[in-house]
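Please open the structure in your viewer and keep the selection tool at hand. The tour proceeds from the whole chain to single residues.

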Amino acid sequence: MSYPPPGGAYPQQGYPAPPPPVYGAPPPAQVYVQQAPPQSDGKSSGFLGGCLATLCCCFLCEECCCD
């Protein structure tokens, strides 16, 4: 018996080769849109306005209620 076997190649062993990769169009890119903050209508003065109102209220309470 000769080595390698006659016929040129060894028999295939194990799992078959995977199919070649399929090249196509890349998936579409995701686009993120950042929304602008809501417009203030002027009625709310925010954090600073709340702090000023609290200070004024405390001042008035101390002037009026405390002897």
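Begin by displaying the surface of the whole protein chain in this predicted model. The accessible surface comes to about 7300 Å², and carbon and sulfur atoms account for 65% of that area. What share of the 67 residues in the protein chain is buried? Buried residues make up 0% of the chain.

Next, switch to a cartoon display. The secondary structure of the protein chain consists of one helix and zero strands. Select residues 46-65 to highlight this element, helix α1.

Within helix α1, select L48. Is L48 buried or exposed? The relative accessible area of L48 is 60%, so this residue counts as exposed, the cut-off being over 50%. Now add L52 and L55 to the selection. Together with L48, these residues make a nonpolar surface patch of about 340 Å².

Then turn to the cysteines, beginning with C51. This residue has a relative accessibility of 31% and therefore counts as partly exposed. Select C58 next: its relative accessibility is 49%, which also places C58 in the partly exposed class, because exposed requires over 50%.

Finally, show the sulfur atoms of C57 and C58. A disulfide is a covalent bond between the sulfur atoms of two cysteines. Why is C58 not bonded in this way? The closest cysteine sulfur to that of C58 belongs to C57 and lies 6.2 Å away, which is too far for a bond, because a disulfide requires the sulfur atoms to be within 2.5 Å. The structure as a whole holds zero disulfides.

Note on methods:
Residues are numbered from 1 along each chain as its sequence is written. This is a predicted model: local features need pLDDT of at least 70, side-chain atom pairs count only at pLDDT 80 or more; totals for chains, interfaces and linings use all residues. Side-chain values use heavy atoms; hydrogens and water are left out. Buried means under 20% relative accessible area, exposed over 50%, partly exposed in between (1.4 Å probe, protein chains only). Patches are made of residues with over 30% relative accessible area and no salt bridge: like charges are joined within 9 Å, nonpolar side chains (Val, Leu, Ile, Met, Phe, Trp, Tyr) within 5 Å. Accessible areas come from the Shrake-Rupley method with a 1.4 Å probe; for residues, only the protein chains shown count as cover. A salt bridge is a side-chain nitrogen of Lys or Arg within 4 Å of a carboxyl oxygen of Asp or Glu. Helices (H or I, at least four residues) and strands (E, at least two) are DSSP runs, numbered from the N terminus.
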